[in-house]
Structures are given as structure tokens and as C-alpha cells.
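Trainee: Please take one part of this model and go through it closely. I would like to see how its contacts fit together, and then how they relate to the rest of the chain.

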Amino acid sequence: MANPADRIAALRWLVDSGADEAVLAQPRDRFAENKAPPRARPAPAPGDAPPAKAPRGASVPRGASVPLALEAPDAASESARDLAAGCETLDQLRDVMARFDGCALRHTATNLVFGDGNPESRVMFVGEAPGADEDRQGLPFVGVSGQLLDRMIAAIGLSRKSAYITNILPWRPPGNRKPDAAEVTICLPFIRRHIELVAPELLVLVGGTAASTLLERREGITRLRGRWLFYALDSGEIPALPIYHPAYLLRQPALKRQAWQDMLALKHRLAGMT
Ligand code: URA
């Protein structure tokens, strides 16, 4: 493909398909690898042990450290739970998460996106996962959808400085894809501890992933939004309001009317009116 215009078109197609990260230092032609003839395997001698199964996930070069998540999401999630339980402050939690090696997303992300705003706030917003802008800046909801969230928050007299904002996942999934179930399971102990440490009076669950994960509900956001539900902690319950994700509102502006009703419900609740 010598023509520069064709190369640019091919790159644009890759980016549009979500492949917008260089994962390896050198390009690797996996098509060529797949075309290589299979190597003949010697027949096992009677009594030989069966061949070991390859680990799940991407292949890891010999000698490289194996991210725990590639092998054992359960072990990674257990280790996240132990680490999170040992944190008594948000600084400790941020530090533990920055060093946690159990989620493969950490290796493709540029920054840990921990949280922003006032940790003493009465209200905590929880979104899904950082996008490209958040990954670059290390702050949640700073891209286009974050700017809409800022306006929604401002419309009820709050601000990014007076509220507290974070996400279910602290690392960007490459290409802004939806986080998979294993990634959410592994990182769940961190967001649970994060909520315990902030201990807000009210939670706002921004989008379907945050709502279904934290409320353990199977319904979609269309059914959950605008209803005061409860997020269960070991120490009690926090009223939680699922709302549409601002990225969804940007694609479906007709839903902004319902989103406004939800923000008013939050405003009234904060004012002790409901
Ligand atoms: N979408 C999210 O859910 N969180 C962010 O931080 C940015 C976009």
C-alpha cells in the first residue's frame, strides 16, 4: 500500500474500529503468523502427561512478568479485595491502585484515573471508565461527555469542585470499548472501597454500566434511570439515582428532557424536599 492516501484511509479505518493504541513497540503481523504451517507435534509416548494448556489471553514473551488478570480474574479480584480492605484513606487507595498489576487495562492505559472534586461532598457521581481525554489528563469526565456532565451538574447548583466524580474502572479500555465482565469484577473492590471512604449521602450512577454493576440489577438504564434505589454497603445503604450517560445524551438529545427531570430529582433530594 504505497499510496499515502490509502495508508491514511487504512489508519482511519483502524481508529474508527477502535484500534487506536500501539500495544507493542514493534508492529507484529499476526496474519503472517496465522498462515505459517502448523508444526508437527511428536506423538506422546505411552504414559506421558497431557500437554499443559496455554494460559488464557494474549501470549506473553518469555521472561516478561505475567499480568495476573491474563491468567486468573478470580485471583486478581481477590487480591484487589484484600488490598482495598487495607486502605483507610483515599490517598492509600489511590496508591494501591496505581501499583496494582492485576488488571490488563493498566498496561494499555497512560494514566490511572482515580477521582476528582470534593471528597467531602454529599454527592458522588460514578461513571463507567475513562476515555481518551481522561486517560491523557488522569481525570474523570473531562472530554466532550464530561463537559455535558459539568453542565448538568451546574444546572442544579453543583460544580465539579463541590461534587465528587469517579468511575467503575480507573483505566481506559483501549479504543473506548465497553469494559468486559472480568475487568469490572477485578476492579469492583476498588470502587466499593472508594465509595466507603468518600461515604457520600447520595450516589449518582452515570450510565448503564455503573448502575447495573453497583446495584446488581439486570435492567437497562432506560428502566433504571430516574428511580431512587439503594446501593448496599457492609455498613448500610446509600440512596442511588441512575441517570443517562452524557455520551448517550449526546447521541440521543431527545432524552435530555428525562435527564433534566433526573437532575431535578437529585436537586430536590439534596434540598431535603423528597
Ligand atoms: N465516560 C465515563 O463513563 N467516564 C469518564 O470519565 C469519561 C467518559
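Mentor: The side chain of Thr213 comes within 2.6 Å of the backbone oxygen of Thr209. This is a predicted model, so the distance is a computed one. Thr213 belongs to helix α10, which covers residues 208-215. The two positions can be read with helix geometry in mind: an α-helix has 3.6 residues a turn, so residues three or four places apart point the same way. Thr213 counts as buried because its relative accessible area is 15%, and the cut-off for buried is under 20%. Beyond the neighbours within four places in sequence, Thr213 touches Ile168, Val184, Leu188 and Gly208.

Helix α8, residues 144-154, also has buried positions: Ser145, Gly146, Leu148, Leu149, Met152 and Ile153. These lie on the same side of α8, because the arc they cover around the axis is only 155°. Val144 and Arg151, on the other side of α8, are exposed. The buried residues of α8 pack against three strands, β2 (123-127), β3 (164-167) and β6 (236-243), and against two helices, α12 (246-251) and α13 (256-270).

Ser145 from that buried set is also one of the residues that surround the ligand. The others around the ligand include Gly127, Glu128, Ala129 and Pro130, as well as Glu134, Pro140, Phe141, Asn167 and His245. Backbone atoms account for two of the polar contacts described here: a backbone N or O atom of Glu128 is 2.8 Å from a ligand oxygen, and a polar backbone atom of Ala129 is 3.0 Å from a ligand nitrogen. With His245 it is the side chain that takes part, an N or O atom there lying 2.8 Å from an oxygen atom of the ligand. On its own the ligand has 230 Å² of accessible area, and the protein covers 92% of that.

Charged pairs come next. Side chains of opposite charge can pair when their charged atoms come close. The count of salt bridges comes to 12. One of them starts in α8: Asp150 pairs with Arg160, with 3.1 Å between the closest N and O atoms. Since Asp150 sits in helix α8 and Arg160 in the loop between α8 and β3, this pair ties together parts 10 residues apart in sequence. Asp150 is partly exposed at a relative accessible area of 27%, whereas Arg160 is buried at 18%.

Glu201 and Arg122 form another salt bridge, the closest N and O atoms being 2.8 Å apart. This pair links distant parts of the chain, 79 residues apart: Glu201 is in the loop between α9 (181-198) and β4 (202-206), and Arg122 is in the loop between β1 (116-117) and β2. Both ends are partly exposed, Glu201 with a relative accessible area of 41% and Arg122 with 38%.

A third pair is local. Asp133 and Arg136 meet through their side chains in a salt bridge of 2.9 Å, N to O. They are separated by about one helical turn, because they are 3 residues apart in helix α7, residues 132-137. Asp133 counts as partly exposed at 30% relative accessibility, while Arg136 counts as exposed at 58%. Finally, Glu88, Arg193 and Glu196 are joined in a network of salt bridges.

Conventions. Residues numbered from 1 in each chain as written. Predicted model: local features only at pLDDT ≥ 70, side-chain atom pairs only at ≥ 80, totals over all residues. Heavy atoms only, no water. Helix = DSSP H or I, 4+ residues; strand = E, 2+ residues; numbered from the N terminus. Buried < 20%, exposed > 50% of the residue type's maximum accessible area, 1.4 Å probe, protein only. Polar contact = N/O pair within 3.5 Å; in protein donor to acceptor, adjacent residues only side chain to side chain. Contact = heavy atoms within 4.5 Å. Arc of directions from axis to C-beta. Near = heavy atom within 4 Å. Areas by Shrake-Rupley, 256 points an atom, 1.4 Å probe, with all protein chains shown as cover. Salt bridge = Lys/Arg side-chain N within 4 Å of Asp/Glu carboxyl O.
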